Amino acid sequence: AASDSRFNVGAMQFVNGRPTYSLLMGAVGESFALAVAERFQLPQKVLDRAYNLLDQDTRRMGDLIRDLEDQKVLVDAQVEELERKKREMERLEQHMKKQREKLEVKQLSARRDEAKKFAKKLEEKEKVLEDILDKLKKDPSRRLVAKSWDNIKFTKRDALNEAENVPSVMKSNAAKTSAQEELYAELIPIAEMQEKPIIQHGDKLQLCLKGPVFGKEVEVVQISRNKLKVRNGAMLMQVRMTEVALPNSKVQEKYPKSNGNNDFRSRNARFAERALLEERRNKNVGTESKETVAVDRKKKNDITMRTSSNTVDVRGCNLEDAKLKIVSKFDIAIRSNRFVIFILHGYGERGTLRTKIRNWLKSERQLVHKWKSADSSDGGDSFTKVELKR
């Protein structure tokens, strides 16, 4: 029949030895007569006799067809199982998509709530600052200015604390801290390098001190055994080999060389200056009181009252560590267009640190214009007031 074009080959479908009464066109099947007879429990002698009467090729063909049928049943079951798992995966994907959309909506709502709460708190801080400004306008005395300055600092601190407690800001700060630690690891101090490079006059290095000077590019101007004198912008500073590293391109991208612009100032200082300037404009020059003149004089001197922002604490430091902190503070002050710094060194048992710092200030003519012991209102002789060169 397979070789005659007038006929089509077909077979009855059998599953697990039972007919399904489905005709499979194009398939070559077997009669399954012996399997059906065995299922109907014909005598075993009859079954054995019938099997022995089959020729060898027919028996092999029957066994082969039965094996193929069994494999087909197994494959069909596996295909069905795969289809079931595919439908289950599609259902899970749809469920995850809906959950992701719900989460995005919740995150957006949470960010909006955070923004509203933070905006409300900022409005409260803004009102506090407006009250301070009104008081300054009414009474510009030095005592009130000093008190207002403290209030501004407290308001700024509270606002920053509120901002840092916003979850999204906390997450951002954590990411920044992690990135900063990675950058710290990029700079290997020269003292810790296995093969020490030969440092020469004029070489460019990078500071690897944690803090505001980290990553700053400096130029070597003097070399001693374990220390270097380097130029950081307009300032000279002495550093150890553990505090400098060879230039790293990754850190240089993050900390580009300063362009020397002094176009940014402390926000607190700008606010106080604006308040004093507003007070001056609202007062008649001919009726200015002595207190107002004193405030104006302070304005001309760039607000030289001692505050935490213009004070560097070197108590407990040796002279070299103290000089490093002081020079770093000088650098920040100059770039912020502020030229008065207070050094807190304390009295000490014999005033050793105070004496050494003041002797050093005498020789530091490149940065220091003049210095003196702080006024009693600014802490007295435990502080040294330094005026920097402009």
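Arg39 lies in helix 1, which spans residues 33-39, where helices (H or I, at least four residues) and strands (E, at least two) are DSSP runs numbered from the N terminus. The model described here is a predicted one, in which local features need pLDDT of at least 70 and side-chain atom pairs count only at pLDDT 80 or more, whereas totals for chains, interfaces and linings use all residues. Residues are numbered from 1 along each chain as its sequence is written, and side-chain values use heavy atoms, with hydrogens and water left out.

Arg39 counts as partly exposed because its relative accessibility is 31%; by the convention used throughout, buried means under 20% relative accessible area, exposed means over 50%, and partly exposed lies in between (1.4 Å probe, protein chains only). Although Arg39 and Arg18 are 21 residues apart along the chain, their C-alpha atoms are separated by 8.9 Å. The residue Phe40 lies in the loop between helix 1 and helix 2, the latter comprising residues 44-53, and Phe40 is classed as exposed because its relative accessible area is 56%. Together with Leu42 and Val46, Phe40 makes a nonpolar surface patch of about 290 Å². Patches of this kind are made of residues with over 30% relative accessible area and no salt bridge, with nonpolar side chains (Val, Leu, Ile, Met, Phe, Trp, Tyr) joined within 5 Å and like charges within 9 Å; the accessible areas come from the Shrake-Rupley method with a 1.4 Å probe, and for residues only the protein chains shown count as cover.

A patch of another kind, negative in charge, is formed by Glu123, Glu124, Glu126, Glu130 and Asp134. In assigning charge, Lys and Arg count as positive and Asp and Glu as negative, while His and the chain ends are not counted, and the place of a charge is taken as NZ of Lys, CZ of Arg, CG of Asp or CD of Glu. Of the patch members, Glu126 is placed in helix 3, residues 56-138, and counts as partly exposed because its relative accessibility is 45%.

Helix 3 also holds a salt bridge between Glu88 and Arg91, which are 3 residues apart and therefore separated by about one helical turn. The closest N and O atoms of Glu88 and Arg91 are 2.6 Å apart, a salt bridge being defined as a side-chain nitrogen of Lys or Arg within 4 Å of a carboxyl oxygen of Asp or Glu. Both partners are partly exposed, Glu88 with a relative accessible area of 32% and Arg91 with one of 47%. In the whole structure, 12 salt bridges are found.

Three further charged residues, Lys216, Asp331 and Arg335, are linked in a network of salt bridges. Within this network, the side chains of Lys216 and Asp331 meet at 3.4 Å, N to O; this pair links distant parts of the chain, with Lys216 in the loop between strand 3 and strand 4 and Asp331 in helix 9, 115 residues apart. The side chains of Arg335 and Asp331 meet at 3.3 Å, N to O, and these two residues both lie in helix 9, 4 residues apart, about one turn of the helix. Lys216 and Asp331 are both buried, and Arg335 is likewise buried.

Helix 9 also takes part in the largest nonpolar core, which has 34 residues, with Leu228 and Phe330 touching the most other members. The elements that give two or more residues to this core are strand 3 (204-207), strand 4 (217-223), strand 5 (227-232), strand 6 (235-240), helix 9 (319-335), strand 9 (340-344), helix 10 (352-363) and strand 11 (383-388), and the largest share, 6 residues, comes from helix 9. Such a core is a set of buried Ala, Val, Leu, Ile, Met, Phe, Trp, Tyr and Cys residues joined through side-chain atoms within 4.5 Å.

Among the elements named above, strand 11 contains Leu388, which counts as buried because its relative accessibility is 4%. Leu388 and Phe339 are 49 residues apart in sequence, yet 4.9 Å apart in space, C-alpha to C-alpha. In the loop between helix 9 and strand 9 stands Asn337, which has a positive phi of about 65° although it is not a glycine. Most residues other than glycine have a negative phi. Asn337 is partly exposed because its relative accessible area is 23%. Finally, Gly233 is placed in the loop between strand 5 and strand 6 and is exposed, with a relative accessible area of 58%; Gly233 and Glu217, 16 residues apart in sequence, are 8.7 Å apart in space, C-alpha to C-alpha.
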